[in-house]
Amino acid sequence: MTETIDDFQPKAPFLSIMKERGYIHQCTDLEGLDKALGQKVVPAYIGFDCTAKSLHVGSLVQIMMLRHLQKSGHKPIVLMGGGTTRIGDPTGRDESRAMLTDEQINENMNGIRKVFEKYLTFGDGPTDAVMVNNADWLDELKYIEFLRDMGTHFTINRMLTFDSVKLRLEREQPMTFLEFNYMILQAYDFLELNRKVNCCLQMGGSDQWGNIINGVELNRRVDQKEVFGLTTPLVTLANGQKMGKSLGGAVWLNDDMLSSYEFWQFWRNTDDADVGRFLRLFTELPLEEIERLEALEGAEINDAKKVLANEATKMCHGEEAALAAEETARKAFEEKSLAADLPKISVPKGELESGLAFSDLFTRAGLAKSKGEARRLVQGGGARINDEKVEDSEQPITLDHLNEEGTIKLSAGKKRHILIEPS
């Protein structure tokens with residue numbers, strides 16, 4: 001079982017791209033997978049549970065893998081966890097997820113479909129992407145027969161060694177028997193996809209390695225089929241923060257949950273140390289151009305960040321939205337003028353008539369997590385109203401602060417801004 005790629009020189013274009021751009025963490029059999037990719041169209045899948053109406057940028061590495069797979073002449077399979085979402089993946093969690101109704105799961109699934117339509121080409125052709133729902137086979141399982149046929153291939157001893165289980169036990173957090181079944185059902189997904197569409201590769205994040213190994217071994221034991229697993233490194237920001245989150249919350253991929261402007265700003269605010277890595281993972285720019293951009297120093301690195309923001313936004317929201325976001329940012333930050341596309345929140349007019357403390361309004365706008373954080377921002381000189389420095393965190397904000405456009409501009413530092421609109 002091969003776990004590193006440092007000394008391996010792949011022949012297949014897909015694996016070459018994966019290696020060059022830093023997508024590969026572990027693989028069950030690099031040589032075998034490379035050979036298979038060179039001989040035929042390889043159907044490959046990644047699973048996504050339906051826990052929200054959109055995916056966020058924490059899933060973007062996996063989405064980009066499927067995109068590169070398709071552009072390399074292979075077939076992406078997007079597996080929606082309509083069945084497994086009812087259980088909840090315990091991987092990396094200290095406690096159980098909230099149980100969702102079937103209606104909530106279906107609504108979330110419809111929202112997630114919109115994300116993939118931006119990155120993949122769907123259809124009936126040999127390399128066209130398809131979307132499948134594991135509820136189609138999990139709902140039909142006769143549980144006793146399933147356990148008799150599949151359960152014999154899993155030992156409790158080994159299941160207890162997986163990080164998803166060990167984490168809960170070490171921290172004395174309960175894991176339900178329902179969640180304990182998740183890894184068996186995920187392995188069964190791989191078996192079903194191999195039987196139905198000859199899928200022979202499962203990909204995912206490094207935290208899914210144990211679950212993927214289960215599926216590879218189940219295919220070998222039950223159907224004597226050789227299949228493969230491939231994982232990506234855990235992607236974190238330079239500050240150690242988990243990819244997918246920002247100060248204001250999750251960085252969603254659907255524009256009805258996060259504006260294209262805010263999406264652009266997330267990438268524009270990338271730490272200097274992350275620019276080269278993110279250009280490789282989240283854009284399709286040639287490596288030579290990426291090397292040029294990441295070599296920029298001083299203030300010029302901001303040009304690379306703008307390229308990253310434009311390319312990532314163009315792929316997710318379209319070129320027009322990317323250009324509009326860049327222009328909005330230019331007006332807001334370089335000309336210090338208000339732009340109509342800045343994110344807005346509404347505040348009842350009556351509250352502004354009586355006056356709201358700055359710390360309250362700043363927290364409500366999502367520019368601070370708490371009043372204490374808002375006060376510290378004021379003390380550090382990073383808080384502004386209509387581009388004027390705030391001296392008192394309890395200063396009342398009233399209708400007198402409305403500018404010519406009829407809004408109030410709140411700013412945290414130089415890069416985060418919110419417009420307040422009376423309603």
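# Reading the labels on this model

Tutor: In strand 14, Ile 408, Leu 410 and Ala 412 point one way, Lys 409 and Ser 411 point the other way, and all are buried. This is a predicted model: local features need pLDDT of at least 70, side-chain atom pairs count only at pLDDT 80 or more, and totals for chains, interfaces and linings use all residues. Residues are numbered from 1 along each chain as its sequence is written, and side-chain values use heavy atoms, with hydrogens and water left out.

Student: Why is strand 14 called largely enclosed by the rest of the structure?

Tutor: A residue is buried under 20% relative accessible area, exposed over 50%, and partly exposed in between (1.4 Å probe, protein chains only). Five of the five residues of strand 14 (residues 408-412) are buried, so the strand earns that description. Strand 3 (residues 75-81) is mostly covered too, with seven of its seven residues buried. Lys 75, Ile 77, Leu 79 and Gly 81 line one side of strand 3, and Pro 76, Val 78 and Met 80 the other.

Student: How do you know that strand 11 and strand 14 pair?

Tutor: Strands (E, at least two residues) and helices (H or I, at least four) are DSSP runs numbered from the N terminus, and two strands pair if DSSP finds at least two bridges between them. Strand 11 (residues 383-385) and strand 14 have three antiparallel bridges, so they pass that test. Ile 385 stands opposite Leu 410 there. Strand 14 is also joined to strand 15 (residues 416-422) by five bridges, again antiparallel. Those two strands form a hairpin with three residues between them, and Gly 413 in the turn has a positive phi of about 70°.

Student: What makes the pairing mixed in the sheet of order 9-15-14-11-12?

Tutor: Strand 9 and strand 15 pair in the parallel sense over four bridges, whereas strand 14 and strand 15 run antiparallel. The sheet is open and has five strands. Strand 9 (344-347) and strand 12 (388-389) stand at its edges, each with a single partner strand, so one side of each is left without a neighbour in the sheet.

Student: Why is the pair of Phe 278 and Phe 282 called edge-to-face?

Tutor: Aromatic rings of Phe, Tyr and Trp (its six-membered ring) pair if their centres lie within 6.5 Å, and planes under 30 degrees apart count as stacked, over 60 as edge-to-face and the rest as tilted. The structure holds eight aromatic pairs. One of them joins Phe 48 and Phe 116, at 5.0 Å centre to centre and 65° between the planes, and is edge-to-face. The centres of Phe 278 and Phe 282 are 5.4 Å apart and their planes stand at 75°, so this pair is edge-to-face as well. Phe 278 and Phe 282 are also members of one aromatic cluster with Phe 263, Phe 266 and Trp 267.

Student: What makes Phe 48 and Phe 116 a pair that ties together parts 68 residues apart in sequence?

Tutor: Phe 48 lies in strand 2 (residues 43-49) and Phe 116 in helix 4 (residues 102-119), so the link runs between those two elements. Phe 48 and Phe 116 are both buried.

Student: Why do the side chains of Lys 53 and Glu 107 count as a salt bridge?

Tutor: A salt bridge is a side-chain nitrogen of Lys or Arg within 4 Å of a carboxyl oxygen of Asp or Glu. Lys 53 and Glu 107 come to 3.1 Å, N to O, so the definition is met. Lys 53 lies in the loop between strand 2 and helix 3 (60-71) and Glu 107 in helix 4, so this pair ties together parts that are 54 residues apart in sequence. The whole structure has 15 salt bridges.

Student: How do you know whether Glu 217 is buried or exposed?

Tutor: Its relative accessible area is 12%, so Glu 217 is buried. Its salt-bridge partner Arg 221, with closest N and O atoms 3.7 Å apart, has 36% and so is partly exposed.

Student: How many disulfides does a search of the whole structure find?

Tutor: Zero; a disulfide is a pair of cysteine sulfur atoms within 2.5 Å. Cys 27, at 1% relative accessible area, is buried, and Cys 50, at 0%, is buried too.
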